[in-house]
4 protein chains.
Amino acid sequence: MSGVWGNKIKYSIFGESHGNGIGIVIDGLEPGIELDLDAISKEMERRAPGKNKLSTSRNEKDQFEILSGVFQDKTTGAPLCAIIRNSNQHSKDYSKTKDLIRPGHADYTGRIKYNDFNDYRGGGHFSGRITAPLVFAGAVAKQALLKKGIIIGSHIYSIKNIKDDKFDLASIKEDSLKELTQMDFPVIRSEKSSDMKDEILKAREEQDSVGGIIECAAINLPCGIGSPYFDSIESSLSHLLFSIPAVKGVEFGLGFEITELFGSKANDEYYIEDDVINTYTNNNGGVLGGITNGMPLVFRVAIKPTPSIAKSQRTVDMVKRENANIEVHGRHDPCIVQRAIPVVEAVTAMGILEHI
Amino acid sequence: MSGVWGNKIKYSIFGESHGNGIGIVIDGLEPGIELDLDAISKEMERRAPGKNKLSTSRNEKDQFEILSGVFQDKTTGAPLCAIIRNSNQHSKDYSKTKDLIRPGHADYTGRIKYNDFNDYRGGGHFSGRITAPLVFAGAVAKQALLKKGIIIGSHIYSIKNIKDDKFDLASIKEDSLKELTQMDFPVIRSEKSSDMKDEILKAREEQDSVGGIIECAAINLPCGIGSPYFDSIESSLSHLLFSIPAVKGVEFGLGFEITELFGSKANDEYYIEDDVINTYTNNNGGVLGGITNGMPLVFRVAIKPTPSIAKSQRTVDMVKRENANIEVHGRHDPCIVQRAIPVVEAVTAMGILEHI
Amino acid sequence: MSGVWGNKIKYSIFGESHGNGIGIVIDGLEPGIELDLDAISKEMERRAPGKNKLSTSRNEKDQFEILSGVFQDKTTGAPLCAIIRNSNQHSKDYSKTKDLIRPGHADYTGRIKYNDFNDYRGGGHFSGRITAPLVFAGAVAKQALLKKGIIIGSHIYSIKNIKDDKFDLASIKEDSLKELTQMDFPVIRSEKSSDMKDEILKAREEQDSVGGIIECAAINLPCGIGSPYFDSIESSLSHLLFSIPAVKGVEFGLGFEITELFGSKANDEYYIEDDVINTYTNNNGGVLGGITNGMPLVFRVAIKPTPSIAKSQRTVDMVKRENANIEVHGRHDPCIVQRAIPVVEAVTAMGILEHI
Amino acid sequence: MSGVWGNKIKYSIFGESHGNGIGIVIDGLEPGIELDLDAISKEMERRAPGKNKLSTSRNEKDQFEILSGVFQDKTTGAPLCAIIRNSNQHSKDYSKTKDLIRPGHADYTGRIKYNDFNDYRGGGHFSGRITAPLVFAGAVAKQALLKKGIIIGSHIYSIKNIKDDKFDLASIKEDSLKELTQMDFPVIRSEKSSDMKDEILKAREEQDSVGGIIECAAINLPCGIGSPYFDSIESSLSHLLFSIPAVKGVEFGLGFEITELFGSKANDEYYIEDDVINTYTNNNGGVLGGITNGMPLVFRVAIKPTPSIAKSQRTVDMVKRENANIEVHGRHDPCIVQRAIPVVEAVTAMGILEHI
């Protein structure tokens, strides 16, 4: 049970939001992968806050430093460690409110698990900030995958009740995916974008927050990766996705909807053309028996509304052992769905790379 | 990437549906757990087929033999191996149809992954039959959990479009859970049961199949188990759940629905009473920051319609490399949701035990 | 901490000497390895007792049954489980002497670790009998290695004070290794064989036992396998070797002797011939920085004298909590060195296969 | 196969001698361990070079910085990352000699393994410098063990042919161990110290090097830790010890010598006194069946002579593919045995902590 994930490639994450630094060690990378540091920085920026009113005004640069594992711009094969300094912490006195456990956060469970020794400042190791090293690792994994032609992209399927189209499961184009990764607020039907943003800004004004659903796809995967027990592609990906704070649901292909179909409609029938085997539909989201079938890998991830809200909420003072109220002030995200996208893609890249 | 799962307790699953036997090795069990073999047999029977028209007429007894790790009815602390012989295989000539890949099954992906060396008879290692050893392991894990007061139960939330009530997330009673585990076809609103069964029998008549959703709960969990990265309770459970054949979605608490709420509604507010801290609601399904908060752990699992159907489907002949049609005859389940329940509960028990 | 070893290939061992059966699950084998079952049986016989006066007169056939993972004589890629039934257990009443802890055995440590719940009959899970599944697994691993030209062989370097020659580290011939594997009592200088056997028989007469040193070599290994931290070839092999009951020392190349040389003598100097790089000497036993250099991999393993002896020894009655004497009667091995050879080779094959 | 070790506590090591920095992530530490940073620094100094003529004149301070996992001087329970900057690298042009593979080093094997992409400067990831993070981790582990009363100490048993006394296996005093840890050049018989140092200085003058044997002990271990298969205490410790560069042999208790005894002499007989069970002798070095028996855990480690010597040696130019000569100039250690002691103790602490 731990901060280390992976078998062929092992990722060791570390850091607390108000400690000296956060980072990740990536062990087991093939030697000789040429790293595009600009592309990594760009991924980091996708997650970084402070860009507009849709997210917190905290301005964290998330500048990384590579300590090891890279020589002459290529991976050496030895463990790669990247660190990010914590710099923009407010000096506010966390100790004042530290006994008021914030609803929807890990304050309460963290205190119990770590016997009150956890670093409570800014969420500590539970902070969303710790996803920055994940994005770094994912950016490296993406570059390793790109060499094999594999491309990952996603869009915001919904913000609260506002819904975008879903991907056309059986036919996702490389160009569309690439386009989505260039967008600040990626949606398929562009007209949905402003509705969604309005919803977020409205929540912000009301000192509240909203959540949504991210739909992610990976294409050009080889057929035959993954395992039946216990490491299906779905197992690996869901394992990683449920590590991301705020994720409450994961579904592949048609997901929960597939339960409403007859088998004869749910099954993806096969055909062969130019000696290539494909399915007409892709209700299984590119995975059968835990193993990729060469169709686009598609899944959806439910992101709950940001728990930090300025509205008054009922809570408990852990030390005085009495009921209390809390208003979580500070620079909070009215919605983290758009910032979660590169994180979702990052763990997807890590999960796929593990199986290749 | 493998047939071994777990860290503190390691489960090694093995078997193919038409080989000599299937089974599991459980390594790391505490010594001195008194095993109730009857209770284990009863769990095995919950999964076993052949009981009525809702499932296949194959009559597999799934009688297990314990080879090691138990002495004088108690675990020794050494690895426990249990095996189940394969006995009721039809001698039908699988080789005739083996090149026609069945839609919705792992025939195609398995062939690619294992280079045509996999045992194709009856699905081989991909067969649903391999979940029998999981149920065995889960029954052992349940007994270890029961000693700590932890109880797991579930019901069929839906079959196709017919829906039962959901659990009342914040208040699930021990008695209701126990009652559900005694039912052949567990639902909360008993009147839904016959509608659901009708739906299954109708599919059976039409040589088709249906799926559904299982809702599962574990109560009396201690607060503070699970981890932020990478081994949240949700990560461990979803990892195991997505190993079960036919699972296409997993969601905790309100799941995907939580994305439609404001943060102020989604957050579970705290109160203290008699020095015990609780939440008013349980939208997070008992988990915050990957760690249990003492509320009922609740999740839903989407089970797709059984892929084996007698209706004609389009497919490909892998050897002739040409389009073909297939009718999957034999003794198939028109629905496996009710048989999947003990499997879902089994991996839940395994997943929780790992964290305790 | 467990009965499972390996990463790419995972071995799960199970069994107690007087339970229903013992065995191993091998997970992660490449599909399509053609298994020579006779060769496996022959390996099992090398370890099996009852052949002559040098070992116990117990007659265990160690007949294995493969339950899964093999189809049409080839590995399927799914987990391979092999079991061996326990049949020749004496019905003697172990419960009489069970509270007298045998010196040199794991009786005392096992009781403490497993809280008195371990199966004490015949050593239970600590029994040397549990090495039989290891030999099975090693035989499979050897066949996988043989396909790559890798050959493993060993000889008895010493029995008590009687010493054979050592391997010529820099030049070990394939034919000599193969020859050694055909011998019942493998030594390099054949005249040493009778001296060693005499030593064993003398110990037997005196109701005592002797130990010795096994020297093992693997040749035709590719250069470049193994890792610096933490999985050097030496780490993996010593990890496995120290799992074998009775092993008390492991050394590679010159081993402890290398500490008495100057660096200028200890270093293996390089030369190139026909574009192939080699070293003149092989003091490092084929490993530098934890990684193979293409020279023969050579190591020595110290096997302590069999702890079971009929001579009276001082011990403690664990229940009465008082001093006592014990004479361990029964059919014991006056020496297990010769029977340990296939076990040493088996884990060597497993360890090497893991790195390839 | 990797730079991550451990199960309950996972250590991820990283770094190359001439990169930006080296370090380690320790994941799984109990929350609330009060860290004595001075004691850690002192351990780092024991390994640090530049103190006298017995080791290299390189002056590396090995100042560590803790990035995460510690709050208010106590462990938080989240991963602890410590880094050490590389500062004292000579700017010499490594590229000139990089194609001449140094005998006894990992230059050749590293190049093959990493396809020429490894950082060759100063040995890169193979550098002895990477043991500094191990000493850090060991110092933390030692503090965790000390809270349970467990003490680790060692002495130089031999330098080349000069031999100290061995520990009295059955009776090692806490005070003697503590005294040894305070000594710069720890030996039991103080008069041996100058002979050994003379041997080292003589080798230094002759542009050569020497090796030796370290004997290490851990006392006050609880009885009952470790496992039969595959994680015996001996397996875990030897695994870690053989990860340390230059280690070529490991033996427990009497080690190889035990093979020359009769079983009746080798067995450690039991007695009970004041209801405490002990053995008269400790030939097994505190371990039976892979599990501690409460007696001192004692083992010996063979350290080969430093491979870097200024004497001319025969080698090969990897690019020109021709025979050549090399003189390894620079600030080398004529002996690393004394500097290896804290490293041996460090991994011992890590190995023991894993089992507790």
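Visitor: How many residues of chain D are in contact with residues of chain A?

Guide: One point before the count: this is a predicted model. In it, 41 residues of chain D are in contact with 41 residues of chain A.

Visitor: Which elements of chain D give two or more residues to the side that touches chain A?

Guide: Six strands of chain D appear there: strand 2 (10–14), strand 3 (21–27), strand 4 (64–68), strand 5 (70–71), strand 6 (74–75) and strand 7 (80–85).

Visitor: How do I read the size of an interface?

Guide: The size is often given as the accessible area lost when the parts come together. Chain D and chain A bury about 3,100 Å² between them. Of that area, 61% is on carbon and sulfur atoms. On the chain D side, D:Leu67, D:Phe71 and D:Phe117 lose the most area to chain A. Together they account for 20% of what that side buries.

Visitor: What area do chain A and chain B bury between them?

Guide: About 9,100 Å², with 59% of it on carbon and sulfur atoms. The contact takes 107 residues from chain A and 107 residues from chain B.

Visitor: How many residue pairs are in polar contact across each interface?

Guide: Across chain A and chain B there are 55 such pairs. Across chain D and chain A there are 15.

Visitor: Now charge. What is the general idea?

Guide: Side chains of opposite charge can pair when their charged atoms come close. Over all chains, the structure holds 100 salt bridges. Eight of them cross the interface of chain A and chain B. One pair there is B:Glu269 with A:Arg314, at 2.9 Å from N to O. The interface of chain D and chain A has two salt bridges. D:Arg85 pairs with A:Glu65, their closest N and O atoms being 2.7 Å apart.

Visitor: Which residue forms a salt bridge with B:Glu65?

Guide: C:Arg85, with the closest N and O atoms 2.7 Å apart. The pair crosses between chains. B:Glu65 is in strand 4 (residues 64–68) of chain B, and C:Arg85 is in strand 7 (residues 80–85) of chain C.

Visitor: Why does C:Arg85 count as partly exposed?

Guide: Because its relative accessibility is 34%, and partly exposed runs between the 20% and 50% cut-offs. B:Glu65 is partly exposed too, at 25%.

Visitor: Are D:Glu234 and C:Lys248 buried or exposed?

Guide: Both are buried. They form a salt bridge, with the closest N and O atoms 2.9 Å apart. D:Glu234 lies in helix 7 (residues 233–241) of chain D and C:Lys248 in strand 11 (residues 247–252) of chain C, so this pair joins two chains.

Visitor: What about a salt bridge inside one chain?

Guide: Take D:Arg111 and D:Asp116, which meet at 2.8 Å, N to O. D:Arg111 counts as buried because its relative accessibility is 13%. D:Asp116 is partly exposed, at 48%.

Visitor: Which residues are linked with A:Glu43 in a network of salt bridges?

Guide: A:Arg46, A:Lys142 and A:Glu345.

Visitor: Last, the rings. How many aromatic pairs are there over all chains?

Guide: There are 38. One cluster is formed by A:Phe242, B:Phe252 and B:Phe299.

Visitor: Where do charged side chains lie over a ring face?

Guide: Two cases involve chains C and D. C:Arg314 lies over the face of D:Tyr280, at 3.9 Å from the ring centre. D:Lys160 lies over the face of C:Phe262, at 4.3 Å from the ring centre.

Key: Residues are numbered from 1 along each chain as its sequence is written. Chains are lettered from A and ligands numbered from 1 in the order in which they are written. This is a predicted model: local features need pLDDT of at least 70, side-chain atom pairs count only at pLDDT 80 or more; totals for chains, interfaces and linings use all residues. Side-chain values use heavy atoms; hydrogens and water are left out. Rings of Phe, Tyr and Trp (its six-membered ring) pair if their centres lie within 6.5 Å; planes under 30 degrees apart count as stacked, over 60 as edge-to-face and the rest as tilted. A charge sits over a ring if NZ of Lys or CZ of Arg is within 6 Å of the ring centre and within 35 degrees of the ring normal. A salt bridge is a side-chain nitrogen of Lys or Arg within 4 Å of a carboxyl oxygen of Asp or Glu. Helices (H or I, at least four residues) and strands (E, at least two) are DSSP runs, numbered from the N terminus. Buried means under 20% relative accessible area, exposed over 50%, partly exposed in between (1.4 Å probe, protein chains only). Contact means heavy atoms within 4.5 Å. Buried area is the accessible area (1.4 Å probe) that two parts lose on being put together, summed over both. A polar contact is a pair of N or O atoms within 3.5 Å; within protein, one must be able to donate a hydrogen and the other to accept it, and residues adjacent in sequence count only if both atoms are side-chain atoms.
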